[in-house]
Every structure is written in structure tokens, then in C-alpha cells.
Amino acid sequence: MFNVAVIGASGYTGAQLVSLITGHSHMTLQHVLVSENSQDAGKTIAQLHGNLAHLTQHVLEPLAPHRLAELANSMDAIFLATPHEASHDWMAELSSGKAKVFDLSGAFRLKDTEVFASYYGFPHTSEACLEQAVYGLAEYNSKAIAQADIVAVPGCYPTASLLALKPLFDAGVLDESVRPIINAVSGVSGAGRKANLGTSFYEVSLQAYGVLGHRHTPEIELHLGTPVIFTPHLGNFKRGILATVTVKLKQGTSQTALDNLYSEVYGEQPVVRLRESFPKIDDVAFTPYCDLHWKVDEQSGYAVITSAIDNVMKGAASQAMQCANLALGYPATEGLING
């Protein structure tokens, strides 16, 4: 059994991690932690999240700075469901012991520190950890993840976007003169658990935000390999992301060619489901899957791909669990898919 800690356990992603870990046959959840001054310290995870009402034994512990080294040396795996600044500041110490660290913030996803500072609003000074961090897109980086001590778990929008686009870019079938256009809608859980008028359910309708400047744009571009136009939207539902991606294909690329390409790339990937029709949010909510479907207009040379994930699961917690499974020597889907 591997001893595991979750830092930032009071939020939606942290709570989802708690649920996955407690259901994992090879992991023991030893610590659920929150920031030192959190109002949730001392409460049980059951008090905060009704779906975890059976986990009354897990009390949220305040994380004092002196405990970082203790966790690094006593845990086998640490999940960070924390703000970017916290992950950045704590990573060096948390990764200094035997623990493998899986960071769900954006602190270690971008390799260029100048780009990072411009999008995240503070300088990146943990360069040794940044160099060491492996990007945790499990379907593409499984070998590196298996050897990693620090895994930067991808963002939710990049996960949906990259799984749709990477087969096309890697196969060289995209028209390089036309940027892929990604329009994606997320449920309000993507904004986190903290109360905010802008994400109050009554206030939410359907709205674009972060237009031509969202911090997930450079992440998508870095790990895809080409510039994109990315526009996120906030939708009036709780969980899930639906990304509709429009691309121009190289001349002569047919529907059959894309059918064969996606089947070849994802045919042996159990978390990616290739659908016969365009998926909807409800198909993936509360699951670890990414559902994909595509259609080619051979006359114009354009294709549309739809990618659907649960932003809290494949966009965060279950993707982190895929990475942890690989790093700890288990199949990526251990504890995620039965049958």
C-alpha cells in the first residue's frame, strides 16, 4: 500500500481526489490538508462535501511550513490541489524526499518563465523543479510520467483540446496556414469552490471570457506545437467541458483518413472513447473519460472535432490519478475503470 496525502483537500478537485484515493485498492489516504489559515481546518471532509459523508475519519489538517519536509519523506505520493503560488513555493521541499508529487495547479506546465510570468502574474523562481517536471498528459507521456518525481497535471481545457488535436498535428494533416480554433464551454466548478458573484449559479448564463488572453492558450500551444485561437466560455451547469475544435486540413485529407487516424492513436487507450456521434456533457460527467467525435467536409477541407470531458475528473483528479498509477507502477486506469 502506498501512503498518500492531498493538499488542498477542501476544494472540488481535492475532494474528488479524496474520493478516488479512498476507493483505490493500493493507496492509503494518510493526510487531507488545507492551508494553515483555512477556515476549513479541523472540519472533516464529510462536513464539507455531502457525497463524502461516509468519510468522517478524515479531518482537514492545517499545513504548517515545517510539515513540508515531513510529508516529503513520509509519503509515497502527494497531490497538490492548491493555488499556483502555493505549488510554486512548496514544490522544492515537497519533492526533496521520497514522495512523488502531482501538481494540479499551473505552476509547472509552462517551461518559459517569461511566458509564465506574463500569464500567471508572478515570477517563476523554482527553475530546478520546473526543469524536472513532466507534463502529465497520460495518453502521450506515459513513459516519462512513469519515471517522474514531479508531474505537472494538465489543465482541464488543454486536456480536452490536446486530445482532440494532437493526432492531427502529429500526423501532419493540419494546414499550417490556418490556426485551429477551439471554442470550449466549462461548468462553474472550474472556477473553484470559493464564493464569487461572477460564478454564482443565478448570475451564470453563457459567456466567453479570457478572450485572446487565457492562460491555457500558451499551454495548449506548447504541448501541441502550433498556435491556436482558444476561447473559453462559462456555462450554467456544474461539471464538464465541451470543446468544439475547427481545423483546416491539408488538401486531400478524407473522412476515412481521420477515422483511421483516431482509431490508430486511441484504439488502445481505454480512457478515450471514440464516439459514432457528437458527445454531450452528460455522457462524461462524473467519469474519467474523454469522448471524441469528428466530421470532415471534404469539399472545403475543414473538419470539426468535439471533445467532452468532466473538468473535475479527466480535467483534474482522474488525470492526476492516471499519472500516479503510472508513476507507482500500476496500469493508468487502476481505480478508475472497472471491467
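Buried means under 20% relative accessible area. I keep that cut-off at the top of the page because L110, at 3% relative accessibility, counts as buried by it. The model I am reading is a predicted one.

**Entry 1: L110**

I started with L110 and found it in the loop between strand 5 (100–103) and helix 5 (113–120). Which residues does L110 contact, leaving aside neighbours within four places in sequence? I listed V115, F116, Y120, L130, P218, E219 and L222. I also checked L110 against M91: they are 19 residues apart in sequence, and their C-alpha atoms are 15 Å apart in space.

**Entry 2: helix 8 on its own**

Next I looked at helix 8, which covers residues 156–171 and has 16 residues. From first C-alpha to last I get 24 Å, close to the 22 Å expected at 1.5 Å a residue. I then walked along the axis and found a bend of about 40° at L165. A proline, P167, follows that bend within four residues.

Is helix 8 mostly covered or mostly uncovered? Mostly covered, I can note, with 13 of its 16 residues buried. Just past the end of helix 8 I checked G172, and its phi is positive, about 75°.

**Entry 3: helix 8 against helix 10**

A reminder to myself before this one: two packed helices are described by the angle between their axes and the distance between the axes. For helix 8 and helix 10 (residues 255–266) I have an angle of about 110° and axes 10 Å apart. Angles of 65 to 115 degrees count as roughly perpendicular, so I put helix 8 and helix 10 down as roughly perpendicular to each other.

Who meets whom at this contact? From helix 8 I wrote down L162, L163, A164, P167, L168 and A171. From helix 10 the partners are L258, L261, Y262, V265 and Y266. By class, this contact of helix 8 with helix 10 has eleven nonpolar residues, no polar ones and no charged ones. I was pleased to meet P167 again here: the proline that follows the bend at L165 is also in the list of contacts with helix 10.

**Entry 4: two positive phi values**

A second reminder: most residues other than glycine have a negative phi. With that in mind I stopped at L212, where phi is near 55°, a positive value in a residue other than glycine. L212 lies in the loop between strand 9 (206–208) and helix 9 (216–224). Is L212 buried or exposed? The cut-off for exposed is over 50%, so L212, at 68% relative accessibility, counts as exposed.

I stopped again at F286, which has a positive phi of about 65° although it is not a glycine. I placed F286 in the loop between strand 12 (272–274) and strand 13 (290–297). Its relative accessible area is 60%, so F286 is exposed.

**Entry 5: H58 and T22**

H58 sits in the loop between helix 2 (45–48) and strand 3 (60–63). At 11% relative accessibility, H58 counts as buried, because that is under the 20% cut-off. Not counting residues up to four places away in sequence, I see H58 touching T22, L29, V32, K43, T44 and I45. H58 and H31 are 27 residues apart in sequence, with their C-alpha atoms 7.6 Å apart.

I followed the contact over to T22, which is found in helix 1 (residues 12–22). T22 is partly exposed, with a relative accessible area of 35%. Leaving aside neighbours within four places in sequence, T22 is in contact with L29, L55 and H58. L29 therefore goes on both of my lists, for H58 and for T22, with contact meaning heavy atoms within 4.5 Å. As for T22 and L55, they are 33 residues apart in sequence and 8.9 Å apart in space, C-alpha to C-alpha.

**Entry 6: N3**

Last on the page is N3, which I found in strand 1 (residues 2–7). At 24% relative accessibility, N3 counts as partly exposed. What does N3 touch, not counting residues up to four places away in sequence? I noted T28, Q30, S74, M75, D76 and A77. N3 and I78 are 75 residues apart in sequence, yet 8.8 Å apart in space, C-alpha to C-alpha.

Notes: Residues numbered from 1 in each chain as written. Predicted model: local features only at pLDDT ≥ 70, side-chain atom pairs only at ≥ 80, totals over all residues. Heavy atoms only, no water. Expected span 1.5 Å × (residues − 1). Bend = angle between axes of the 7 residues up to and from the residue. Buried < 20%, exposed > 50% of the residue type's maximum accessible area, 1.4 Å probe, protein only. Axes fitted to C-alpha atoms, helices over the stretch in contact; angles between N-to-C directions. Parallel < 35°, antiparallel > 145°, perpendicular 65-115°, else oblique. Nonpolar A, V, L, I, M, F, W, Y, C, P; charged D, E, K, R; others polar.
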